[in-house]
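Thank you for making time at the end of the meeting. I would like to walk through one model with you, starting from a single sheet region and working outwards, so please have a look at it first.

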4 protein chains.
Amino acid sequence: MQEFLFYHPIVIRYGDLDAQRHVNNARYFTFLEEARVQYLKNLGLWDGTDFDEIGIILLETTCTFKAPIRYEHKVRAGVKMIKLGNKSMELLHSLEDAETGDTFATGRSILVAYDYAAETSIPVPDHWRKTLLTYDGK
Amino acid sequence: MQEFLFYHPIVIRYGDLDAQRHVNNARYFTFLEEARVQYLKNLGLWDGTDFDEIGIILLETTCTFKAPIRYEHKVRAGVKMIKLGNKSMELLHSLEDAETGDTFATGRSILVAYDYAAETSIPVPDHWRKTLLTYDGK
Amino acid sequence: MQEFLFYHPIVIRYGDLDAQRHVNNARYFTFLEEARVQYLKNLGLWDGTDFDEIGIILLETTCTFKAPIRYEHKVRAGVKMIKLGNKSMELLHSLEDAETGDTFATGRSILVAYDYAAETSIPVPDHWRKTLLTYDGK
Amino acid sequence: MQEFLFYHPIVIRYGDLDAQRHVNNARYFTFLEEARVQYLKNLGLWDGTDFDEIGIILLETTCTFKAPIRYEHKVRAGVKMIKLGNKSMELLHSLEDAETGDTFATGRSILVAYDYAAETSIPVPDHWRKTLLTYDGK
């Protein structure tokens, strides 16, 4: 029951294609990244302008490829927080056909709360915790 | 009087930014390329699926950078055919702030009609010529 | 015991950096991809020219980020086949500092043998199996 | 007379290819950028670490495509300063086959001396002027 409350549209570009004539695998991670950042912006946890204030760093990410994304596809990226630890959180990702709902790929990301000025991991701040649990904690 | 009949929206991604924290210069050419391809699709000159049937090859492209594009910007790309030769055509490009109309960059592309199967340049096909002149020939 | 017989050098480009001023996470997957392709080329399993003959498709890939890669770093990518199934194989990846041996990232890829003409997965061909086991089967 | 004193090797990646199965046009600009940055590093004008100290901003860049770059090609990028103004300089670019010397592309870049802290263009500093003219002023 991986229903996502948050979806972000991804517009495929000609430049996303590789020699196999579908979207290159590394670009899927660009899409997961974009969805992740928009998820945080949507929750008011990052304002989109100060890159020293983004507050998290990526520890691990995985993508499982189910079907090729082609130039003509309309894609939506689902993001959902599925685990919240002391210093880290885990996000579930999905890349879906916005017209049919078919799944192109699923993924996961583990993010660590991070103080970029001090260059050190930190506990997930309380207002992040509250916001994430309110939105995706059920 | 560089008014464009054709505009295509460009959605900036976090992954388009470089170490200067604005959109990387090479990415502007990805945007010009996307606008060019969408211009051809919009005119029915390419269907977006068969990459051996795209019918043109890029000979030269230029971009003049007026203002940095940042993550928060909404961008639209204008394209206009401004010269049509026997075997080539020239496109004028613009990248603009979709909210204010301010210009981020201008550009030009010279495209040559190309037969990818035969790997040779060809005269611009008659239906291309007619379509381009009808749309942008004034 | 993750010693790699195969290493491929990765040259960092300014264009690999993102707004955090280190190499963007999606680019790590470009490096894993490059190392994977060079591994196959090195074993004579792909000749580097015919993209319909590449013989494998990516099912899943993961990267764990240990330390940021910066513009000044010299990087080497290790690849090792660690599991060979009937239709699939698993590769272990490493991105290391070529000067100090420090690990920037580790990763895994699951590849499925694939017939691009027939668009279907196939058993790993015998000569692939023999070549992979001879090289990395110990 | 376009002999270049400075060449920088460019290593093509599988991820540089597009649906036409040669290097994507926007990637040529990544290569010109890389060659440009390495040219400055080689002259001691930028140390490669502080992105606020890079001292120049790109005003305009052009590339003329002569022959496709394929995955198997070894590429070298030539850079030469060909004009030095009060606040700007112009660089000539070349992308060549490192094995045959054949030209894949030529290009030009106009750079403006820039103070990133003050966000304003500045006169080309004296030690830049001296260094550039000593190296490429003949």
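How many bridges join β4(C) to strand β5 of chain C? Before I reply, a word on conventions: this is a predicted model, in which local features need pLDDT of at least 70 and side-chain atom pairs count only at pLDDT 80 or more, while totals for chains, interfaces and linings use all residues. Residues are numbered from 1 along each chain as its sequence is written, and chains are lettered from A and ligands numbered from 1 in the order in which they are written.

The reply is nine bridges, with β4(C) and β5(C) (residues 103–115) running antiparallel; strands here are DSSP runs of E of at least two residues, helices are runs of H or I of at least four, both numbered from the N terminus, and two strands pair if DSSP finds at least two bridges between them. One of the bridge partners across this pair is V112(C), which sits opposite S88(C). The hairpin of β4(C) and β5(C) has five residues between the strands, and within that hairpin G101(C) takes a positive phi near 80°. On the β3 side, strand β3 (residues 74–84) of chain C is joined to β4 (residues 88–97) by nine bridges, again in an antiparallel arrangement, with L91(C) as the bridge partner of M81(C). That hairpin, of β3(C) and β4(C), has three residues between its strands.

Turning to the fold of a whole chain, chain A has two helices and six strands, in the order β-α-β-β-β-β-β-α along the sequence. Its radius of gyration, taken over C-alpha atoms, is 15 Å, close to the 14 Å that the globule rule (2.2 Å times the number of residues to the power 0.38) gives for 138 residues, so chain A is as compact as a globular protein of that length. Buried residues, meaning those with 20 or more other C-beta atoms within 10 Å of their own, where the C-beta atoms are placed from the backbone, make up 39% of the 138 residues in chain A.

Let me take one buried position in chain D. V23(D) lies in the loop between β1 (6–11) and α1 (25–42), and it counts as buried because it has 26 C-beta neighbours inside 10 Å. If we call two residues in contact when their C-beta atoms, placed from the backbone, lie within 7 Å, then V23(D), leaving aside neighbours within four places in sequence, is in contact with I12(D), D16(D), L17(D), Y28(D) and I69(D). Y28(D) in turn touches V23(D), C63(D), L95(D) and A105(D), not counting residues up to four places away in sequence.

Now to how the chains are arranged. A rotation of 180° with 0.0 Å of shift along its axis superposes chain B on chain D with an RMSD of 0.0 Å, where the fit is by least squares on the C-alpha atoms of residues with pLDDT of at least 70 in both copies. The two copies are thus related as by a two-fold rotation axis, and in chain B the C-alpha nearest that axis belongs to T62(B), 2.1 Å from it.

Finally, the contact between chains B and A takes 14 residues from each of them. On the side of chain B, helix α1 (residues 25–42) gives the most, with four residues.

How values were computed
Buried ≥ 20, exposed ≤ 12 C-beta atoms within 10 Å, placed from the backbone.
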